Amino acid sequence: MSSITTKDLTADRDLLPWEAYVPGHHWRNAEDEAEGAKLGMWLFLSTEVLLFMGFFTAYAAFRMKFPGNWYEAAHYYLDWQIGAINTCVLLLSSWTVVMAVRAAQLAKRRQILVYLAITNLCALFFLATKLILEYWPKIQKGKLPGANFAYTGEVQGAHDHIFLSVYWISTATHGFHVLVGVFLISWCMIKAAKNHYGPKHYTSLENVALYWHLVDVIWIFLFPLLYLA
Amino acid sequence: MSGHHDVSYLAPKDTLWKTIWSWVYTVDHKKIGVMYLSAILLAFFLGGVAAMAVRLELWAPTQTVLERANDGTVTPVTRGVFLDPGIKENGKEVPPNVWYNRAFTLHGAIMVFLFIIPSIPAALGNIFLPIMLGAKDVAFPRLNLFSWYVYVFGGLFAIYSILAGGVETGWTFYTPYSTTTEWGATTAMVLAAFILGFSSIFTGMNFIVTVHKLRAPGMGWFDMPLFVWAVYATAIIQVLATPVLGITLLMLVFERLFKIGIFDPALGGDAVLFQHFFWFYSHPAVYIMILPGFGIASELIAVHCRKRLFGYKAIAFSSIAIAAISFLVWGHHMFLSETAAANIVFSGLTFLVAIPTAIKVFNWLATFYKASISWNTPMLYAAFFIFCFTIGGLTGPPLATLATDIHLHDTYFVVAHFHYVMMGGTVLAFMGGLHHWWPKFTGRMYNEFWARVASVIVFIAFNITFFVQFFLGTQGMPRRYATYDEHFQLLHQISTAGALLLLVGFLIHAAVFAQSLVAGAKAPKNPWGGLSLEWETESPPVEHNFHREPVVTHGPYDYDTVVPAHVDPRDYPLPDPAEVRRVHGDHH
Amino acid sequence: MAHAHDHKPKLDLDDGRFDPHETLASDEAHAGHHVHVASFGLMFWVFAILLVLTALTVWTSRLPMSHTAHLVMAIVIATVKALLVAAFFMHLWWDKALNTIVVSATLFAAVLFVGLTLLDVNSRALVTPMEKPERIAGGVQPTNAELTTSGAFELSRRAAEEKKAKGLPIDHDTGHGGDKPH
């Protein structure tokens, strides 16, 4: 491969970072690299799906065993309104992240930053709601998983504490993914601010967006299963 | 194109520090592979030490007898205890059984998570998969380096666990014992396996993308060497199964730390649910361990028989079939704890695995027919592999059959079956592959005579060690017991003697490798007359693998029409010289 | 500012496909490589449908149906939502088929995992507990009968009864919204 300079004769200015992007030495061209990175990301998302399948399988095993107990526990211990608002917030963030990728494809730097900022605000809202309105009151009232279950109010059945175990570990793991997403999106915002994203190169933004959609998809399942069913 | 990319990847830099840095911070798949190889050989040694401890403990059954001293006092004395250093933990005497449990758990956990799962893919696969594809590197070189450090990090957790008291749950960490045992550092070992899983996932992701996107020009899917096919199939399992191990072990850690109760019957949970979670990964993991071994066997047999492999496509597709079927059979580990409905389904599905496996074995055997076989060390190991793996494979159906499994479940029959597949299969293939590619990635030849002697010793010792265990198992000797009835002693002693001989064999191998590194003759580019791309570049390869990007013009096994690169054509008589195409390879 | 160079020649330095005549004329023009640029309208509609489906799943959860029906409804609606996200937000609809194959293989493994596990768990009772009563929280020694249902639950119930006996107030969250801080 011939050496590539960051200047091009046809341009009357310094190239922006995304224009001057050079693929890794072992790739044939940038398109292959972007597609390879995307395939890698999808494989990673596969592992995430199967990781969360552990929670869903645990959920399913006990849900089938104690349908009444779980239905009652879901409606008693969890507030569907908080869950629904958080669902809408995550859906909104998913949409804004789509729009951020689109802005990168159209070389609109300011739009990328605005959409990513909204995404991050949604993520922080989600986390704040979880911590302040869900986790903290539950800890105070002893609605804790397994052997830590110390709730002294009206219980719904003999397996409330297992329901809460599934609730805590799955939402906490999901919340951790949201937190990771906040850092990733912030990183993308820094790169976008430095003009690293444009029509020719936006691989990391696209892959962070894929990750963020997956976090959304996981919640799309967690919400009805835990709060409603 | 010239310059520093044309020197060997092993060439030292200007200063010592730069050389060390060039390894610590390398993104070169070959260096990462060599680092993996060193680490897994160390793990193999540690796991071997634990195995020797287990076998020595079983030299004699534990028994307590009354002994009368000269002054007439009678004291009870426990005999046959090898593993009892007499250390107190938390003010309590550690029972000898706990020490035995620790020995076999360490053997299992280290061999499975630190040695055999990364053995072929992360070490030999890392070094050779990109070269065999004609690529400069794997798709994500930095992720590759990261996966190596994740492996080291996980390994440190495992070592911490050993130093902090070890684990005595067995490598399967079955609940509720693993959540309630008071001995040792179980949580650290569980976290170690959890972390090592990520290393495995990253390697798998990397290989899948590499195979899809970085094949050299002219290399179609059916021009790939079968080792690549096998590692590709392995990578699929690594990506799809390992995360379930991750979540299982994470839930186990939660269970230990927070008592979440999902796997704990005392809290209303279900212990067998853990077994489903665990085996959903760990049965496919068995194929993560053996599939790369199949790949190596295909390479060894084709190259050292100097013959087109029989049924290339059948072998390639059977790898993918095994990967798919591996997800369907995990329930056969729980025939004694599942319901009949699940048992029947899992038993039936388990028999399916025999089909693609048998396809491979028959194709290898057919390749031997009228081949010009050179019986050097790699080929010897390939033959030993087929012998031992076939025994391992054929002892599978009795375990998949519900009625016979009731008798054989959790006996030494299972231990023997597993070791015939894992050690007789994967480890022998790994040793064969190591000898096969040793000249290529080290640039040195090894002493062929002593390597052959060692391989024969390993083969004989392996069979002495484990064949008797089939008899122990059918006679009812349960696994994981520190003691046994006296009538089992002879068989146990034969097995232990075999294990000691096995140690001798591996020590000779170690000496051969050490001698090769210090004083081995310089290896030619193509010592075996192979046709796949790694034999067309230098030994050891240059930093970016090839001087220029190779263009693939022939299949990896076209021995009937193509003369390999860098060999004397007089050594390669062909049926019809008119059809011969010389491969010129990568001359500088 | 991005708009300033929208009409500059597209620079393709890496793959020899440099085309000085190709410009980014409009919003919907093709970007750097042969990628699909999502249309604003379609993405907005997908977002809107996702919100409607969220409302729908909340609504169905309050209908008087069997527990199984509730579960099935929740899973069906969630699956439709997830497919919408995957197909449009995650671009699978326009991507190479390989990515869809990866997703399909994942779903195959996931369905097997749940399905075959349930095949066993659903056709038997839960495994009966081992006796380790001292590990239950609170230091109280529950009886075996209590353990066979649920140790932690029984302990909570017993604590509540003790509170009641002493005349202490017990928490009594009614209906939905039990988590709201008072």
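## A guided look at chains A, B and C

Just after helix 15 of chain B, B:Gly443 adopts a positive phi of about 80°. That is a handy place to start in this predicted model, and the helix before B:Gly443 comes up again below. Chain A and chain C get a tour of their own: chain A has six helices and zero strands, while the secondary structure of chain C comes to five helices and zero strands.

**Helix 15 of chain B**

- Helix 15 covers residues 412-442 of chain B, and its end C-alpha atoms span only 39 Å, whereas a straight helix of 31 residues would span 45 Å at 1.5 Å a residue.
- If you follow the helix along, you will meet a kink of about 40° at B:His436. The proline B:Pro439 comes shortly after that kink.
- Of the 31 residues in helix 15 of chain B, 29 are buried, so the helix is largely enclosed by the rest of the structure.

**The hairpin in chain B**

- Strand 1 (residues 63-68) and strand 2 of chain B run antiparallel and are joined by six bridges.
- One pairing to look for is B:Leu66 with its bridge partner B:Pro76 in strand 2 of chain B.
- Five residues lie between the two strands of this hairpin, and B:Gly72 takes a positive phi near 95° there.
- Strand 2 of chain B (residues 74-79) is hardly covered, since the count of buried residues among its six residues is zero.

**Chain A as a whole**

- Reading along the sequence, you will find the pattern α-α-α-α-α-α in chain A.
- The radius of gyration of chain A is 22 Å, well over the 17 Å that the globule rule gives for 229 residues, so chain A is more spread out than a compact globule.
- Taken along the principal axes, the box filled by the C-alpha atoms of chain A is roughly 75 × 30 × 25 Å.
- Buried residues account for 62% of the 229 residues in chain A.
- Among contacts in chain A with a separation of 6 or more, 74% come from residues 24 or more positions apart.
- Helix 5 of chain A (residues 160-193) has 34 residues, and its reach of 48 Å from first C-alpha to last is close to the 50 Å expected at 1.5 Å a residue.
- After helix 5 of chain A comes A:Asn195, with a positive phi near 65°.

**Chain C as a whole**

- From the N terminus on, chain C runs α-α-α-α-α.
- Chain C is divided into domain 1 (1-37), domain 2 (39-93), domain 3 (97-124) and domain 4 (133-165).
- The C-alpha centres of domain 2 and domain 3 of chain C are 21 Å apart.
- Of the 182 residues in chain C, 26% are buried.
- Among contacts in chain C between residues at least 6 apart in sequence, 20% join residues at least 24 apart.

**Helix 2 of chain C**

- Helix 2 of chain C (residues 67-89) has 23 residues and reaches 32 Å from its first C-alpha to its last, close to the 33 Å expected at 1.5 Å a residue.
- Its buried residues include C:Leu71, C:Ala74, C:Ala78, C:Lys81 and C:Val85.
- An α-helix has 3.6 residues a turn, so residues three or four places apart point the same way.
- The buried residues of helix 2 of chain C pack against helix 1 (30-65), helix 2 (67-77), helix 3 (80-105) and helix 6 (203-228) of chain A. Within chain C, they pack against helix 1 (40-61) and helix 3 (97-121).
- Following helix 2 of chain C, C:His91 has a positive phi near 70°.

Conventions
Residues numbered from 1 in each chain as written. Chains lettered and ligands numbered in written order. Predicted model: local features only at pLDDT ≥ 70, side-chain atom pairs only at ≥ 80, totals over all residues. Helix = DSSP H or I, 4+ residues; strand = E, 2+ residues; numbered from the N terminus. Expected span 1.5 Å × (residues − 1). Bend = angle between axes of the 7 residues up to and from the residue. Buried ≥ 20, exposed ≤ 12 C-beta atoms within 10 Å, placed from the backbone. Domains from an automatic or database assignment. Contact = placed C-beta atoms within 7 Å. Pairing = 2+ DSSP bridges. Rg over C-alpha atoms; globule rule 2.2 N^0.38 Å.
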